[in-house]
Structures are given as C-alpha cells and as structure tokens.
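Welcome! Here is a short briefing to read alongside the sequence and the 3D view. Take the topics one at a time and look up each residue as you go.

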Amino acid sequence: MGSQLKRYSSPLKFIVLILIFIIFGGTIFFITNDDVGVLNNQTNEDRIAQNKNNETKQDEIKQNDSNNTNDSESTHSLSGEEQNIINDSNPLVSFNEFVPNPVPVGSKGTYNLTFEMNDDGRFFVEADIEVENLSEDDWSEIVFYFIPNVFTTGNEKYEELLQIYRYSIDASADAKINHIHINEQSTDYELEYDTLRVLLSEPLLPNDKRLVSVSYEFSVPMNGMRFKQDQGNYHLAQWYPMLANYNSGWNKNDYFPIPESYHTNFSDFHVSFDIPEGFTIFSSSESDPSSGSTAGEFSALNVKEMFVSVLQNDMVFQSDYIEDIEIRISAFSEQSQDVDEALATAKDAISYFHNEVGNYPHKQFDIVLGENLPSMEYPGIVTISSVDPLVHEIAHQWFYGIISNDPFDESWFDEGFTTFATSYYFYDFWKYSEEESFDFPNRHLNSISKQGVIEPANSSVFDNEEQRLIGLYYGLAPIKIWELLKLNGMQDDATTFLKAYFDTYAYKQVNTIEFVRFAQSYFQMEGTVFFEEWLDF
C-alpha cells in the first residue's frame, strides 16, 4: 500500500494543481469580465469604448498618484459648496443619464425698436421693451446696458486698464435720453456710464411683466469700438437699451471691450427703420430688407443681440449659397479682391460646423469687410478687417451665438471653445499639421508662459488687470481643451465631443462648474485634478 501511494503521489499532486488553477483562473476571469461589463454599462459605448484605452487609464492613474495622496487632497482647492455641486448633485453617471444644470435665466426681454436716421447721421430711437421677471425675487428696479453713453464726453473710464490692451474709447459721440415710461407712465431713472437703472414705483413680481419705453437719440463715434462710423457707414453694436441678466441680483458689469461688452439672455427683436436714400441694411435678421430700401422692418428670434450696419450703396455686394444658407458680403472697392476668398472661406466653414457640430440657426449669414473694422461676431453677421479671422468669427456663431456664458467672468468659454474649434477645423478640414493648426493658441500660451503668468483660464476681466487675458482665453483654454480630448483618445474625433457639448447646452448658459460636471460624465473622469490645473472652481 505504501509503495503504491508513493508511485502515484506526483501525478496526483499535478492533477490537484491543475484543478486549483482552473478554479482560481476562472474566478479571476469572471471578476474581470464582470468589471468590464460594469464599465461598459457606465459609458457611451460608441464613444468611450473607442477612445479610452489602457494607456490613457494608466496615465490618469500616474497623474493622480503623483498629485494626490488621498481623495481629500484631490479636491483640496474646491470650496465645500462647489465640491458638493460636483460630487453630490452629479455622482459619476453614464453620459446617457447626464442631466445638465445650466445657469438659471432670471430675466427676459422682448424688443420692439424703431429708429430713424437723418441726413447728418443722427439716430432717433423709440424702444419698447417687454420685461419679464423669471426669477423668484421682487424687483424694485430694472437694469439695462445703455452703451451709447460710453462714447460721450465725461464718461471716460478704465483708461489705465484699456491701455494694457492698447485700446482707447472715442468720446466724440453724444447720447440723450428724452424720457422713459413704464406702462405708458413716466418714471424716474438713473444713468451712470453704461448702466441704466429704471426705478419702479411698484415692485415687479415673479412671472410678471412691464413695458419699458425709452425715447432717445445718439450720434455714432468716428472711432468707436464696434459701435462706430467707418467711411460713411454706420455700425450699430449694442445701440439700444439691453436688458441685463438677473441671477440672484442684477448681473451687470461696466462696459469693457475685452472680449465682450455685455451679458444678456436670448431675446426676440422686431425693428422698424427709416433712413435716407443711398444705404442698404445688413443685420442680425435673416430677413433683411432689399438693397436700397429706405423704410421697412425686419426681425430676429431667440438671439443674444441685434446688430445693424447701415451701409452705403456704392459698396461691393456679393452673395452665394451653401446648405440653403445665403451668405452675403459687403466690402469697399479697395478690398474687392478679398470678396471671393471670403465667400469661399465662409461656405466651407459654415458647412463644416453646421454638419459636424450643430445646425446653423439662420437662413442668412452676413460679412461686413472693412479695413478699419474690428473682427467681431454678432448673431448672423460678423465684421472683419481681413479674411484671416473669418473662420474664428464664424465659429462664434455656435460658441457665443447659441451656447451662452458670462463674458466678464467666464470668457474662456466662448473664446476658448471658438479658438479650439477654429484650430481643429484647420486640422480636420484643411488637413494642416497639428503644429500648424494650433499655432495661434500655442503662440498666445507661450507669450504668458514666458512672462511667468500662473492664472486660471477663467480669470475675470476686472480681477486680472496686470496680466494679458488674451493668453488665457485664446491660449491656455483652447490648448487645455485639446489636451483633454487627446487624453481621451479623441484627437481625430473632436467634433463628436463638440456636438455633444452643443446639443447639451444650445440656448443655455454654461459656467465652469457645469463644464466640469459635463466633462466628467462624458469622459467618465472620477477626479478633477486635470481641471484644477487650469480652472478655478
């Protein structure tokens, strides 16, 4: 018996080891596949499964290990309230289950504007604005921007800050308010710089409305910022009383032209006009009057503002179509050689963003080309001095025109996303190299890096007076968005992310905390370390 046991002991041990290996290995296989199944259920399988590979996960683990020793340290820079918003109100869920939490809209304006222009270029305006209180507060006043007043003598402000950005305000114009009525009754008001406060004799209660009527007149400065004359043309930017945004109080900052000068909600506009002969109107409307019309009306729905250019008829006018969208351009004869290039550039860019990011919401897109004009976007229309910035201004139709943000405290959104979208357009559509495509934001980022600037991309215009915000908005922000996409394997599929962002926040206002929530859910990022490197929240 003993000898037989000895003879079979080695094979028996071998069989036992095999059985143990099978049982143990099967258990590991089951657990591993179960974990993968859970991960797949938590992600958008068409997106995350393709773009999040093992190398990315290992990089994230290394980054977390090198920057954090425990969970509390990873969120150390966040306030308790903000961390609760990120962690408690939005635990990490699949993107399919993500519920956006945009900034609440507390005020709404509906505009009926009538303007007359005389032969001397002076404008007389009757503005009827239906103001609706969408907040939970009672209002004792209604606050507007009245930007024409900025360009008048005695209202110079922020001269030192403007010098940093090499800007100056031309105070050669004048603006005069004749009277203000509420529901056809005269009322008191206060005007300081560009802040117009209309005082209420009775509170405006939640969900209630008042009709504010403002009768005023103005001239247009020769060398204004956006609101300006240019060789006989009149460009009316922010020319009417613009209802300020209300969010637990009136969110109204002073006019400052870097990069935007106002913060309003989406509104409806109806405009009637009477102008001298010899002019044509380009505006934010998709139903502009025919060329040479001296009187008429036009409208625009659900836009952030109403821009109007009163252009001389001897300008060069040309138009073309793409995706059933009419593209119109006006230019001085000296720049007529740029018209064809501008039209071709606009057709390509609008078609690209329209198909890859989200529908362009208007039937018309206007370009006003003038060598003395700032490069600036408005709903359905842009002004440019050359063709170079045109793609950037077109991209703003999506990132500003449709997705809103506070331009004073959160300007990194529209400028950062627009600059990124422009660079990616060069990379994806024009097939430029990454270095060529992202040269513009990299140059701006390098300019502040050399100066030793260590500021978050969401720095406020007024809180960062000694730094060049251009480098943060146009450099740091777009490069970090690019890094975020590359980190998640989306360098060749970035428009999928942009489309998801657009679809989630079209006609809503976003802030930094909400963007972090969105990105965490979209990419299934449990930590906030990446965002803390360049955003303050």
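Helices α13 and α14 cross in a right-handed sense. In this predicted model, the axes of α13 (residues 494-505) and α14 (residues 512-523) come within 12 Å and cross at roughly 130°. That angle is neither in the 65 to 115 degree range nor over 145, and α13 and α14 are therefore oblique to each other.

**Where α13 meets α14**

- On the α13 side, the contact is made by Thr496, Phe497, Ala500, Tyr501, Thr504 and Tyr505.
- On the α14 side, Glu514, Phe515, Phe518, Tyr522 and Phe523 take part.
- Sorted by class, the contact of α13 with α14 has eight nonpolar residues, two polar ones and one charged one.

**A closer look at Glu514**

- Glu514, one of the contact residues just listed, lies in helix α14.
- Is Glu514 buried or exposed? Its relative accessibility is 2%, so Glu514 counts as buried, the limit for that label being under 20%.
- Leaving out residues up to four places away in sequence, Glu514 touches Phe98, Pro100, Asn101, Pro102 and Tyr505.
- One of these partners, Asn101, is 413 residues from Glu514 along the chain, yet their C-alpha atoms are separated by 6.6 Å.

**A second helix pair: α7 and α9**

- Helix α7 (residues 339-356) packs with helix α9 (residues 412-428) at an angle of about 100°, and their axes are 12 Å apart.
- How are these two helices oriented to each other? Angles from 65 to 115 degrees count as roughly perpendicular, and α7 and α9 are therefore described that way.
- From α7, the residues making the contact are Thr345, Asp348, Ala349, Tyr352 and Phe353.
- From α9, the contact residues are Ala421, Tyr424, Tyr425 and Asp428.
- By class, the contact of α7 with α9 has six nonpolar residues, one polar residue and two charged residues.

**Aromatic pairs**

- How many aromatic pairs does a search of the whole structure find? The search finds 67.
- Among them is the pair of Tyr240 and Phe269, which is edge-to-face, at 5.5 Å centre to centre and with 70° between the planes.
- This pair links distant parts of the chain, with its two residues 29 apart: Tyr240 is in the loop between β10 (233-236) and β11 (242-243), while Phe269 is in strand β14 (residues 267-274).
- Tyr240 has a relative accessibility of 0% and so counts as buried; Phe269, at 2%, counts as buried too.
- Tyr425 and Phe429 have ring centres 5.1 Å apart and planes at 10°, so this pair is stacked.
- Tyr425 is buried, with a relative accessible area of 0%, whereas Phe429 counts as partly exposed at 35% relative accessibility.
- Tyr425 also appears in the helix pairing above, as one of the α9 residues in contact with α7.

**His263 and its surroundings**

- You can find His263 in the loop between β13 (250-251) and β14.
- His263 is buried, and its relative accessible area is 1%.
- Which residues are in contact with His263, leaving aside its neighbours within four places in sequence? They are Tyr145, Leu243, Ala244, Asn245, Asn251, Asn405, Asp406, Pro407, Phe408 and Gln509.
- Of these, Asn245 is 18 residues from His263 in sequence and 6.4 Å from it in space, C-alpha to C-alpha.

**Two glutamates with positive phi**

- Glu184 is not a glycine, although its phi is positive, at about 70°.
- The loop between β4 (175-182) and β5 (185-186) holds Glu184, which counts as exposed at 67% relative accessibility.
- Glu323 is also a residue other than glycine with a positive phi, near 55°.
- Glu323 is found in the loop between β18 (316-322) and β19 (325-331), and at 36% relative accessibility it counts as partly exposed.

**The chain as a whole**

- The secondary structure of the chain comes to 15 helices and 22 strands.
- The chain has 537 residues, and buried residues make up 54% of them.
- Counting contacts between residues at least 6 apart in sequence, 70% join residues at least 24 apart.

Key. Residues numbered from 1 in each chain as written. Predicted model: local features only at pLDDT ≥ 70, side-chain atom pairs only at ≥ 80, totals over all residues. Heavy atoms only, no water. Axes fitted to C-alpha atoms, helices over the stretch in contact; angles between N-to-C directions. Helix = DSSP H or I, 4+ residues; strand = E, 2+ residues; numbered from the N terminus. Parallel < 35°, antiparallel > 145°, perpendicular 65-115°, else oblique. Left-handed = near helix turned anticlockwise from the far one by under 90°. Contact = heavy atoms within 4.5 Å. Nonpolar A, V, L, I, M, F, W, Y, C, P; charged D, E, K, R; others polar. Phe/Tyr/Trp six-rings, centres within 6.5 Å; stacked < 30°, edge-to-face > 60°. Buried < 20%, exposed > 50% of the residue type's maximum accessible area, 1.4 Å probe, protein only.
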